Amino acid sequence: MNEPPAKTPLHPLSIWAPIIIAVLGIVVFYNYLIYRSRIDKQDRPPVLGRLEKDLELTERSGKKVHLEELKGKVLVISWVFTRCPRGCAAVIAKLKKLHEEFANEPNLHFLSFTLDADDTPEMMKKFASGLGIADGANWWFLNGDKDAVRKFMTSQVQFRPVQDMPEKDRLSPDDKYIHDLRVAVIDHLGHVRGLEDILNPDPEFAKFWDERIRKDLRHLLDEQKKNPYKAPAAK
């Protein structure tokens, strides 16, 4: 009677090799997650401040509006005035391109505050339409109490304070103010996440900021979709 062939003993490597490979795979994957986390943190716009208080403002339509109406949306804020002979129109023209690129984003809203208390809704409407910004777009042109607006823009949005233009340096009688021409981006939770120098006079820096604001907005819109704003429960 034939005896069954003797079983070949298992080599230790045949037992440990799959385990070692699995452990190495876990280690590699874990290191990849750490790497991606670091990259994501580098790409994530920092928190520079926070919008804490509501404001009642007058929109170019003449309608009274409140900032709290925009809770849960990503905001793009600029500070201009209608008779500005320097960079205001150029800032709005750049933002118009941005507005068109992100036209299909319902959770993105543009706000252009005037720093001139004498700007009326009619003047803001004419200023906006002259630059091709349609009525009813998700873009408010706003005025309000001078002191309240300036305090909000400097202490919360983090813009530099407005200064009076010395008469000897004025390009025209309307050239009254030295003011911040950067653009602020605000996340859906009200955090200031960037002050973008899109009107930088150096072409290379201007290109950098044009790319940066688009990158920041895509990141903030992605954050908004992953973690939508939830209104606090009524007490």
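Me: In this predicted model, which residues of helix α4 (residues 146–156) are buried, and what makes them so?

Reply: The buried residues of α4 are V149, R150, F152, M153 and Q156; they are called buried because each has under 20% relative accessible area. What covers them includes β1 (49–50), β2 (56–59), β4, β5, β8 (177–178) and β10 (191–196).

Me: What is found at the start of α4, and what just after α4?

Reply: At the start, a side-chain oxygen of D145 comes to within 3.3 Å of the backbone nitrogen of D147, and since a polar contact requires N or O atoms within 3.5 Å, this pair therefore falls inside the cut-off. Just after α4, Q158 adopts a positive phi of about 80°.

Me: How do you know that the length of helix α2 (residues 88–101) agrees with what its 14 residues should span?

Reply: At 1.5 Å a residue, the expected span of α2 is 20 Å, and its end C-alpha atoms are 20 Å apart, so the two agree.

Me: Which residues of α2 are buried, and why are they said to lie on the same side?

Reply: C88, V91, I92, L95, L98 and H99 are buried in α2, and because they cover an arc of only 115° around the axis, they are put on the same side of the helix. Among the elements covering them are β4 (74–80), α3 (121–130) and α5 (203–226).

Me: Which residues have the most contacts inside the largest nonpolar core?

Reply: Within this core of 52 residues they are I77, L95, L111, F113, M153 and L217, while β4 contributes the largest share, 6 residues. Leaving aside neighbours within four places in sequence, L217 is in contact with V74, V76, L98, F102, L108 and V185.

Technical notes: Residues are numbered from 1 along each chain as its sequence is written. This is a predicted model: local features need pLDDT of at least 70, side-chain atom pairs count only at pLDDT 80 or more; totals for chains, interfaces and linings use all residues. Side-chain values use heavy atoms; hydrogens and water are left out. Helices (H or I, at least four residues) and strands (E, at least two) are DSSP runs, numbered from the N terminus. The expected span of a helix is 1.5 Å times one less than its number of residues. Buried means under 20% relative accessible area, exposed over 50%, partly exposed in between (1.4 Å probe, protein chains only). The arc is that of the directions from the helix axis to the C-beta atoms. Contact means heavy atoms within 4.5 Å. A polar contact is a pair of N or O atoms within 3.5 Å; within protein, one must be able to donate a hydrogen and the other to accept it, and residues adjacent in sequence count only if both atoms are side-chain atoms. A nonpolar core is a set of buried Ala, Val, Leu, Ile, Met, Phe, Trp, Tyr and Cys residues joined through side-chain atoms within 4.5 Å.
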